[in-house]
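Please open the model in your viewer and colour it by chain, so that each stop of this tour can be selected in turn.

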Amino acid sequence: MNILEVENLGKKFVLHLRGGWHLPVLQGVAFTVAAGECVAITGTSGSGKSSLLRTLYGNYRSDSGTARLRTEQGMVDILQSSPQQILALRRHVMAYASQFLRVIPRVSTLEIVAQPLMEQGLDQQMAGERAAAMLSALNLPRHLHPLPPATFSGGEQQRVNLARTFVGQHPLVMLDEPTASLDGDNAAVVQKLIMEAKHSGRAVLAVFHDPAMVRQVADRQYFIPSLSEHSHENPELQ
Amino acid sequence: MDYNFAYLDEQSKRAIRRSLLKAVAIPGHQLPFASREMPLPYGWGTGGIQLTAAIIGKNDVLKVIDQGADDTTNAVSIRQFFARVTGVATTTKTVKASIIQTRHRIPETPLQEGQIMVYQVPMPEPLFKLEPRRTETRILHALGDYSLMYLQLYDHITRYGRVAIGYDFPVMVHDRYLMSPSPIPAFDVPKMHMSPALQIFGAGREKQLYAVPPYSRVVPLAFDDYPFAPLQAQAPCAICGSQHSYKDEIILDDKGTRQYICSDTDYCEQHRC
Amino acid sequence: MLTSSSPAHAPKPTTALGPVLIAQNLYFQFGNQIVLRDVSLEVFPGEVLAIVGESGSGKSTLLNLLYGNLTPSQGIVQAISTTGLQPLSALSQQTLRQLQRSRWGYVCQNPRDALRMTISASGNIIERRMAMGLRHYGTLRQEARHWLEKVEIDPARLDDLPETFSGGMLQRLQIARTLISQPALLYLDEPTSGLDVSVQAALLDLLRKLVSKEQMAVLLVTHDLAVARLLAQRIAVMRHGEIIEAGLADQVLDDPQHPYTQLLVSSVLPA
Amino acid sequence: MSYVAVKGGAGAIGAAHQLIAETLYPKDNASDTPVDQIQQQLDQHLRLGIDRIMAEASLYDRDIAAQAFLQAQGDSIEAVFIVRAYRATLSRFLDAEPLKLSDSQPQRHVSAAFKDVPGGQQLGATYDYSHRLLGYFLHLPAPQNAAEPTTKPEDDASETRHSGVMQLLEQEGLIETSTAALTEENRDITQIPPGFPASRAQRLQTLARADEGFLLGMAYSTQRGYGQNHPFIAELRQGSVNVEITPPELGFTICIGQISMTECQMINQFHGDTPEQATFTRGYGLVFGHNERKAIAMALLDRALRAPELGEKVQAPAQDEEFVLSHCDNVEATGFVEHLKLPHHVDFQSEIATLRALRAHPKKGRTEHPDGL
């Protein structure tokens with residue numbers, strides 16, 4: 001059963017501040033991710049791996065193609081969804097961890113991680129307990145939970161980010177270089193989290209900077225096709 | 001000079017009666033009326049006088065009080081005016097009067113069906129100290145938004161421990177309109193509630209009138225845990241000994257010796273043994 | 001915990017709730033000048049919609065139209081009132097005012113314009129509750145104290161006059177005074193722009209918490225993209241009286257499409 | 001000694017009135033002049049005072065005004081009050097036709113905006129250029145040519161009527177066209193009370209009978225920055241004008257007399273969003289009798305009060321219609337201010353009782369309340 005079906009996805013930037021320069025990023029992207037499966041996205045540097053995740057999460061707009069996501073109401077095309085629908089998908093169906101945690105000033109770590117659960121309707125206490133457990137599993141000691149993560153190290157921040165992404169048990173989890181700033185022990189925890197997600201029937205789509213990670217957790221790889229020279233020269237014909 | 005019965009011409013009186021009918025139909029709601037210049041100054045009861053002039057007939061018996069008394073200067077002046085321009089009988093006895101024009105008091109003797117109380121009103125707008133603009137207060141009345149007044153009561157309790165309004169205590173009429181009872185002491189306000197008499201209010205300078213029909217609910221504003229609690233002098237009347245009337249405080253000598261006597265002179269006379 | 005195989009929590013039907021406010025094809029003209037041109041938007045329960053733009057872009061006029069203070073020259077504003085979705089133009093002044101004073105809230109840039117400066121802080125807070133019919137002094141005091149705490153003001157200041165408060169505290173007081181009626185729709189007009197940066201951050205955090213807790217729909221007008229990013233789920237960008245771009249807040253800020261939005265985003269100093 | 005509460009008002013009132021009567025009409029050293037002659041002399045010698053009473057009482061009757069002036073011992077507000085009370089008893093028969101002021105024979109006609117105007121500048125009787133020296137007019141040099149009158153000779157009466165300065169500006173499109181149509185609702189503010197916002201017709205009626213001193217002060221404030229005003233007098237005209245009525249049973253217009261009026265047409269600052277739309281704006285003043293000060297003040301205030309209509313921000317007291325119109329009437333004002341002389345002992349007693357109660361139980365609310373404040 002496919003959780004995500006992407007077809008012919010294309011994305012370009014038009015940089016108006018640079019005289020309307022067209023910068024294609026993705027073209028003809030097509031793959032699927034099934035339940036219980038981890039698909040690793042690979043490609044050369046600058047091939048648009050991060051942009052692909054962002055587009056699927058609704059953070060970037062796309063220019064063509066479809067990306068159908070399985071929901072309780074059936075398959076929903078993310079690329080055609082309204083902002084309200086995307087927010088609902090983010091609440092219940094898809095989670096995403098960027099490479100860097102975007103912190104909200106003054107908000108405690110525990111609150112940040114509990115927030116997705118509360119948005120799903122859990123009460124504050126239940127959400128707090130689950131968030132604390134998730135943080136502890138990612139080796140963030142309890143005395144850090146009440147502190148805002150702004151002052152944390154890069155690795156600690158990344159683990160807060162991952163805790164927030166995994167805690168909501170979303171059917172689709174998207175990870176952008178989740179272990180880039182983690183040491184070996186913590187990378188192993190992430191590996192474990194991914195395996196557990198797979199076992200519980202959830203789908204994982206990830207960009208890994210570490211080829212070993214791909215071998216250990218990914219069931220398949222999807223290599224992003226390179227952009228044709230043609231499209232570089234005349235993006236309007238796409 | 002020859003004046004029409006009750007001074008005003010018939011057309012003017014009819015216009016006031018028409019406004020009064022409307023006022024009776026909307027208890028507590030202020031209505032504008034074409035207030036005429038009267039031969040008494042604005043602020044001295046021209047509203048009450050015009051209302052009395054509009055409703056008085058040859059068979060009426062008129063009582064006029066000011067501060068509860070029939071013989072204070074302004075009461076005398078107004079009574080003389082009506083005696084001159086109508087020739088109707090006047091009285092000082094509350095029970096005998098069919099129309100009682102008053103400034104600042106309600107008689108102690110309970111009013112009866114068929115009697116009409118005419119109140120002289122200086123400021124008909126109960127919110128004017130909190131919001132001087134009539135354009136704005138009119139909207140607040142239309143919306144029934146009286147939180148401004150409640151805010152004042154709240155502030156009083158917080159500051160003083162009680163609602164510190166001694167006279168002109170704001171009342172709700174028929175659960176709809178906030179109304180000024182005119183500057184009667186808070187002590188008198190309960191007499192308005194479910195009164196068998198018709199109560200009409202005239203403000204000549206402000207060109208507004210309003211009414212409380214017989215047997216209407218007139219409820220002073222209060223909080224559930226700070227109920228309406230009017231004050232009165234503890235001492236009995238030095239003349240008639242009444243414990244239950246509203247008293248004037250009289251300074252007797254240079255040392256400041258005080259004596260309390262009934263403000264309602266008619267009531268005091270009735271109670272003397 | 002990690003091995004929890006419990007199914008994903010049942011999605012709450014938040015998206016099924018209709019909008020609390022709909023504006024369709026609004027135009028507003030002042031004299032010969034068209035201040036707003038063909039503006040349409042919807043606001044849903046539980047979301048913050050930020051209207052961003054530079055001063056003079058028409059965003060404040062738009063907010064006034066959506067609040068019913070101004071009437072559009074063309075177009076229609078509909079809002080959920082006690083009788084369901086209704087055009088504002090069809091509401092009596094009385095109904096509109098009741099809507100504004102109970103189901104809606106409006107926090108303006110300068111708290112002095114909204115507060116009663118001669119009435120105690122607690123009196124300011126509980127005014128709406130009295131307007132709603134609460135007549136118990138003790139309960140009013142408790143609610144005033146509760147909301148003072150909620151907006152992080154020392155309850156010892158309960159009976160102080162607003163005049164003695166700092167700018168940030170005044171804004172908190174205005175927020176408490178507004179939110180006490182638990183409005184379904186909140187209008188925020190540049191709520192933090194008169195404040196120091198550090199005070200601003202604390203206030204934004206407070207607003208974010210209150211708004212997400214109460215499931216309010218919020219219309220936020222701001223010229224500050226950082227404020228919009230922090231509070232809003234959706235952003236509409238205004239320029240010359242038109243909405244030139246609208247979408248998910250992070251999408252509009254991270255992948256702006258319109259040349260003007262790109263300029264606006266690129267001119268923000270990095271945090 | 002001990003005080004006695006004052007009762008028995010009837011006697012005191014009677015005595016008080018007797019005191020005034022004795023001052024007004026002393027019986028012992030009775031002057032030879034009968035009362036009606038004094039009144040005539042008043043009208044003759046204190047013309048402007050009579051004019052003012054008629055204007056503020058809004059009743060044009062020189063005899064009644066003089067009678068009131070005398071009865072009031074020269075207190076003009078008291079006199080206005082007496083005339084107003086008399087006015088309230090008068091029946092209205094008919095509305096006069098609109099006064100044709102531009103057709104009037106001006107005794108004075110001044111424009112500050114143009115050096116010369118249709119109809120010519122006519123100085124007339126004015127204190128404007130007199131030296132304010134006691135006895136000044138007693139010692140005027142004789143006119144150089146006694147045969148030539150000091151006022152400009154009247155032009156040929158059959159000459160076609162002059163168009164006013166305002167009409168000329170209107171023809172050029174430089175000034176807004178005049179508005180202010182009368183409706184049944186705003187016909188007479190003394191019969192139908194105006195509410196707020198008032199129509200311009202209601203405003204002008206209220207200002208025309210307003211206290212001169214109040215108008216003067218408010219108008220002055222607009223010139224000092226409280227409410228923008230950049231005025232020029234287009235025409236200030238004082239003269240007699242025919243009062244005409246059209247009785248329905250006759251079906252044609254007849255003249256029933258002449259009254260003296262002062263009119264001020266004021267030009268004010270531009271208004272309008274575009275250069276094509278920009279025009280001067282109007283302010284208007286019209287007063288019974290000869291009273292240029294009030295006519296000018298009224299025109300300034302009329303313009304200031306048009307702020308909302310012209311899209312200006314209401315910031316100054318003079319622009320605030322409710323403030324100006326609610327407080328400009330001297331009969332209303334004097335009544336309410338002076339009513340403080342009336343006994344208030346009942347309400348004062350309740351104030352005393354309240355204050356005593358407060359002081360006896362300080363801050364009960366804070367200390368005793370369950371929330372511990």
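The tour goes from the chain pairs to one interface and then to a single helix.

Bear in mind throughout that this is a predicted model. Begin with all chains displayed and look for where they meet: four pairs of chains are in contact, and among these pairs chains B and D share the most contacts. Other pairs stay apart, for chain A and chain B do not touch, with 35 Å between their nearest C-alpha atoms, and chain A likewise has no contact with chain D, the closest C-alpha atoms of these two chains lying 28 Å apart.

Next, select chains B and D together, where 48 residues of chain D are in contact with 55 residues of chain B. On the chain D side, the elements that give two or more residues are helix 1 (9-24), helix 5 (76-87), helix 11 (330-338), helix 12 (345-360) and helix 13 (364-368) of chain D. Of these, highlight helix 12 of chain D, which gives the most to this side, with ten residues. If you then colour the side of chain D that touches chain B by residue class, you will find 20 nonpolar, 17 polar and eleven charged residues.

Finally, move to chain A and select helix 3, residues 109-119, in which Thr109(A), Leu110(A), Ile112(A), Val113(A), Ala114(A), Pro116(A) and Leu117(A) are buried. To see what covers these buried residues, add helix 4 (124-137) and helix 5 (154-166) of chain A, which are included in that cover. Following helix 3 of chain A, stop at Gly121(A), whose phi is positive, near 110 degrees.

Definitions and conventions. Residues numbered from 1 in each chain as written. Chains lettered and ligands numbered in written order. Predicted model: local features only at pLDDT ≥ 70, side-chain atom pairs only at ≥ 80, totals over all residues. Contact = placed C-beta atoms within 7 Å. Helix = DSSP H or I, 4+ residues; strand = E, 2+ residues; numbered from the N terminus. Nonpolar A, V, L, I, M, F, W, Y, C, P; charged D, E, K, R; others polar. Buried ≥ 20, exposed ≤ 12 C-beta atoms within 10 Å, placed from the backbone.
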